[in-house]
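Me: I am new to this structure and would love a close look at a single part of it. Could you pick some neighbouring strands and walk me through how they pair?

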Amino acid sequence: MPCLACLARLAKPRARGVASAFLARGSAAWQVRGVPVCRFPLLPLPSHRPNPYTGSPLDRVSSRREDAAFVAACRADPAARFLPVWRGHSLLSGMAGGRPRGVFLSAAAATELPPDLPWALLGLQEKAPVFALDLSAFEDPAALLREAALPAGAEFLDLRAAAGTLPAAEAAELAHARGLMHWRARHQFCGVCGGLCEPQAAGNFLVCTSCHTQHFPRTDPAVIMLVHHGDFALLAHSRRFARRNMFSTLAGFVEPGESAEEAVAREVREETRVEVARVRYHSSQPWPFPGSIMLGFFAEAASQEIVIDPEEIAEARWISRAEIRTSGRDFSLPAPDSIARRLIEDWVAAS
Ligand SMILES: [Zn+2]
């Protein structure tokens, strides 16, 4: 399906005019590593900054992962770097000083580790290979890394502990490593026959050693939506939230046989009984906690009465832009690394 920009270039004059009119009303260039790839109409957002955990500098070399000689050369490259993952945690330094960094092990340090650790080639960064390395089999990963000349204060933490303060490129690389190794750890056996799976393509997918089914990394689509009515947004405190007074956008998983837009309407209805009329895409965000991609939307409310689902929601409110601007008095907003925060900030700024 071509985008409107492609249609504007390729279509017959009438269709070209319609597409050009849409583009003139508001468009932006999506970029992947700085290369414009497509133009299509977007909301008139106040900014086009990337979402946290996007913008990885890695060339994923997906067409070369099954080239055994290439992968062997990457493994032997003295410039290679390794991102250790331990039971869902990432190795971070600088937390105490408020300037966290992701810790990469050198190739020399990695050779001191046991040789049979699960690993995966994430890609090349300025031609140097970057790998993920799973240390989860060990109770004390710090002891394992004692000879690795780690930065002072380096420790395994939930990546979200450094929310919004890690350099963006590092956050994206650490999220990639965490997401891939989490999936690998939970798919050691075939879902078809129960046979043992072994890694292929430099650890980027699995193959059953018994029935030979290929298993590819799973990313669960979830919708997250800011529902608005006039100057008010529908925000809720979920029973799952750790912070007692945090209010955020509604969210939920897309179910089989359902479009993302249908999932938005269903989740809002199920959690608050509010109906939505128009659903508009905003942006997406990888969310490897543990394995989702968040699809962000704005949704216009067609009703305002709130009846919460008490199993999911502790409280839901219509909150004005002015109240959100002064949040902190009686409620707080979601973490700065979340697309929920981005949706709220963009909606407030769009007034
Ligand atoms: Zn199998």
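Reply:

**A walk along paired strands**

β4 and strand β9, which covers residues 155-157, pair in the antiparallel sense over 3 bridges. Before going further, please keep in mind that this is a predicted model. Within that pairing, leucine 92 stands opposite glutamate 155 in β9. Leucine 92 also has a bridge partner in β5, namely glycine 102. Strand β5 takes in residues 101-102 and runs antiparallel to β4, with 2 bridges joining them.

Let us now move from β4 to β3. Strand β4 is made of residues 89-93, and 2 bridges join β3 to β4 in an antiparallel arrangement. Here valine 85 stands opposite serine 90 in β4. The two strands form a hairpin with 2 residues between them, and in this hairpin arginine 87 takes a positive phi near 50 degrees. As background, most residues other than glycine have a negative phi.

From β3 the path leads on to β8. Strand β3 (residues 81-86) pairs with β8 in the parallel sense, over 5 bridges. One of the matched positions is phenylalanine 82, whose bridge partner in β8 is phenylalanine 131. In general, strands of a sheet pair through backbone hydrogen bonds, either parallel or antiparallel.

How many residues of β8 are buried? Strand β8 spans residues 128-134, and 6 of its 7 residues are buried, so it is mostly covered. For comparison with the whole protein chain, buried residues make up 33% of its 351 residues.

β8 has another partner to meet, β7. Strand β7 (residues 119-125) runs antiparallel to β8, and 6 bridges join the two. Among the matched positions, glycine 123 has valine 130 in β8 as its bridge partner. β7 and β8 form a hairpin with 2 residues between the strands. Glutamate 126 is in the loop between β7 and β8, and its phi is near 50 degrees, a positive value in a residue other than glycine. Is glutamate 126 buried or exposed? It has 9 C-beta neighbours inside 10 Å, and it counts as exposed because the cut-off for that label is 12 or fewer.

Tyrosine 53 makes a helpful contrast. Its phi is also positive, near 75 degrees, and its place is in the loop between β2 (35-41) and α3 (68-76). Tyrosine 53 has 27 C-beta neighbours inside 10 Å and therefore counts as buried. Two residues with a positive phi can thus be met in quite unlike surroundings: tyrosine 53 is buried, whereas glutamate 126 is exposed.

To place these strands in their wider setting, the protein chain has 9 helices and 18 strands. One of the helices is α6, which runs over residues 168-185. At 1.5 Å a residue, its 18 residues should span 26 Å, and this agrees with its end C-alpha atoms, which are 26 Å apart. Since 15 of its 18 residues are buried, α6 is largely enclosed by the rest of the structure.

One last stop is a loop between β16 (276-287) and β17 (292-301), where proline 290 lies. A cis peptide bond joins phenylalanine 289 and proline 290, with omega about 15 degrees. For background, most peptide bonds are trans.

Definitions and conventions: Residues numbered from 1 in each chain as written. Predicted model: local features only at pLDDT ≥ 70, side-chain atom pairs only at ≥ 80, totals over all residues. Helix = DSSP H or I, 4+ residues; strand = E, 2+ residues; numbered from the N terminus. Buried ≥ 20, exposed ≤ 12 C-beta atoms within 10 Å, placed from the backbone. Expected span 1.5 Å × (residues − 1). Pairing = 2+ DSSP bridges.
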